[in-house]
2 protein chains.
Amino acid sequence: MKAKRTSLNDIAKALGVSKATVSFVLNDKGDQFNISKNKQELIKAKAKELSYVPNFFAKSLRQGSTKTIGLVLPDISNPFYGELCKTIQQTLFNSGYSTYIINSNDDKEQETTLMRGLIQRCIDGMIIVPSNDIKEIIPVLHETHIPVVFTDRPGDDLTDFVGINNLEETEKIVSAFKNKPKRITAFSPNDIDANTKMRIEGVKTACEKLKIDFEIITLSKDQKDTDKVIQEQIKKGSDSFIALNSRVIFKLISGLKTLNQAIGKDLKLISFDDHESFGYMTPSISALRQPISDLAVHSAERMVARLADDSLPFGKQIILPCEFIERESH
Amino acid sequence: MKAKRTSLNDIAKALGVSKATVSFVLNDKGDQFNISKNKQELIKAKAKELSYVPNFFAKSLRQGSTKTIGLVLPDISNPFYGELCKTIQQTLFNSGYSTYIINSNDDKEQETTLMRGLIQRCIDGMIIVPSNDIKEIIPVLHETHIPVVFTDRPGDDLTDFVGINNLEETEKIVSAFKNKPKRITAFSPNDIDANTKMRIEGVKTACEKLKIDFEIITLSKDQKDTDKVIQEQIKKGSDSFIALNSRVIFKLISGLKTLNQAIGKDLKLISFDDHESFGYMTPSISALRQPISDLAVHSAERMVARLADDSLPFGKQIILPCEFIERESH
DNA sequence: TTGAAAGCGCTAACAT
DNA sequence: ATGTTAGCGCTTTCAA
């Protein structure tokens, strides 16, 4: 900020009027305060001439509200969160709010640091997809008293939550195979979060109910290991695989390809979470799609509602249904 | 902000000292101002007790700098921009800057509105991937005098730019086919931006140089149309397709599938822009990969350099090379 | 119809 | 070694 920008005062001085008058006019309250049309024109013209831009900070400082919502995401390069982010921002924008997005990288340290930054910026509320350990962030939240909505990953009992029922949705997957599986293997990612835990639980529950033999495997980062594990599972009689998220599926496809297994024939495959590429795979990959847009809209709207009425009861859970996308792999 | 948050003054009053003293201590300048260890402890304890959070706005207002960079993106749900965004944010964070991300949806109106919002927030600089029409945003930029870096899509001659040479890179693609193509069809997306134009130019230049027959097709949104167009191109003798971005390729794959054309055999295929799924397709899709992380790091670092030294010459162009990913489809 | 002045929370120059 | 005070740019009450 070398060449200091134009302030209200600059305009006032240039025109020989008071700051107040300028402020009124520029906030469209000119008529309300009976300021002469003539002077209003003059002020507006001068403002444009000096390319005046109001200082948002000074305004917020004075008014005590920023009309800004903080959005904490674990990984913005993940298309799932990308879409969530986009829709939340759009929805909030339509209600007159800006969104301040931060990326925690699923790292507790960064997350708390950045959340503090958010609070310093006097945001009016926070929508958050917490990194794995909620315990770390609850105290940070208590440093302030702004409304909070959790999405995708739940917080504690007192916070609003918008998400899906991972347990039940996974059970749906187990029952979705066209032929009853002889044996199911469910593959979880290396980093198991609360949602993945529920999904694992869902596989167990459903398989026990349906009396299907099953095994849960946590994939390592190494593709060679993955290939080996897949082979073992096939030897053990598994004919149906479930990928517990959309990242895992790529590893399975890769492994199955090198093992020369025909997906959809030798081996049935379903993914928890859809991906824009699944429809174009050979064969196309059947998947359970989360209602990302709805999740986003509900989160944003809950936030706005809470902001408008702070007597709303705490801990509201908004649980949305997933949609099974029938393709060729199951 | 119902229950007003703790301010410096609250702490000062509670302890019977002055605001200044508290400010010094809390900014780790206690020793510098010779404030007794004892009092320092006391102040820090009180601050924690009242869960004091400094008001960033008041601080910025006073100091005239926000240590915040605005980042304008056309579509954050596009993984390309998602990754760009993530790395820029990370790099800026490491240099002590926050990032304020906005999403223009490639819409000029929204873009200018949101950019004004950014300027109101007194950001120190702006990194921007402009929506198609640059003319609209240059005036907005002139309302302020902050440094600006364009990425992915160039601005005018006076602004710094970090990107790739779309023309030359596309020429690389034309020469990358393992066998000399009989005829090439290049497919562009429906919305042709400046980059796509250069890519089209690149196809022309290379094909003329190599004396290869070619045609450029702009795809409509309708998949049926696409299928028809593909069939026509094949009839016209095209044996090699180039997708001018990674979104287009899905349409081509889909069309080729319904037409029962074997990718990589009947028809060679290369994509401008890589995608995380390309390695798992059958056959896997060869692609020219943009150096997204490098793009991000250079943009962020150029910004930081400009902030540190505002005498830097204008209009620096940082052009980075792409990498051709050899897979099965070409 | 307009101006003066207080004050939002903070920092830093200046007193003491 | 610590307190006082002015002022960042803005809104808004009160006074004229």
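**Group meeting talk: two chains and two DNA strands**

Let me begin with chain A, where residues 24 or more positions apart account for 71% of the contacts with a separation of 6 or more, two residues being in contact if their C-beta atoms, placed from the backbone, lie within 7 Å. Please keep in mind that this is a predicted model, in which local features need pLDDT of at least 70 and side-chain atom pairs count only at pLDDT 80 or more, while totals for chains, interfaces and linings use all residues. Residues are numbered from 1 along each chain as its sequence is written, and chains are lettered from A and ligands numbered from 1 in the order in which they are written.

Chain A has 12 helices and 12 strands, these being DSSP runs numbered from the N terminus, H or I of at least four residues for helices and E of at least two for strands. Its C-alpha atoms fill a box of roughly 90 × 40 × 30 Å along the principal axes. Of the 330 residues in chain A, 43% are buried, that is, they have 20 or more other C-beta atoms within 10 Å of their own, with C-beta atoms placed from the backbone.

Turning to the partner chain, 44 residues of chain A are in contact with 44 residues of chain B. Helix 5 of chain A gives the most to this side, with six residues. By class, the side of chain A that touches chain B has 19 nonpolar, 18 polar and seven charged residues, where Ala, Val, Leu, Ile, Met, Phe, Trp, Tyr, Cys and Pro count as nonpolar, Asp, Glu, Lys and Arg as charged, and the others, Gly among them, as polar.

Now to the DNA: which residues come closest to strand D? Among the 28 residues that surround DNA strand D, the closest are A:Leu8, A:Ala20, A:Ala58, B:Ser18 and B:Ala20, and a residue is near a strand if its C-beta atom, placed from the backbone, lies within 6 Å of it. The largest share of this surface, five residues, comes from helix 4 of chain A, and the surface near strand D divides into 11 nonpolar, 10 polar and seven charged residues.

For DNA strand C, there are 27 residues around it, of which A:Ala20, A:Asn34, B:Leu8, B:Ala20 and B:Ala58 come nearest. Here the largest share, five residues, comes from helix 4 of chain B, and the surface near strand C divides into 10 nonpolar, 10 polar and seven charged residues.

Methods
Buried ≥ 20, exposed ≤ 12 C-beta atoms within 10 Å, placed from the backbone.
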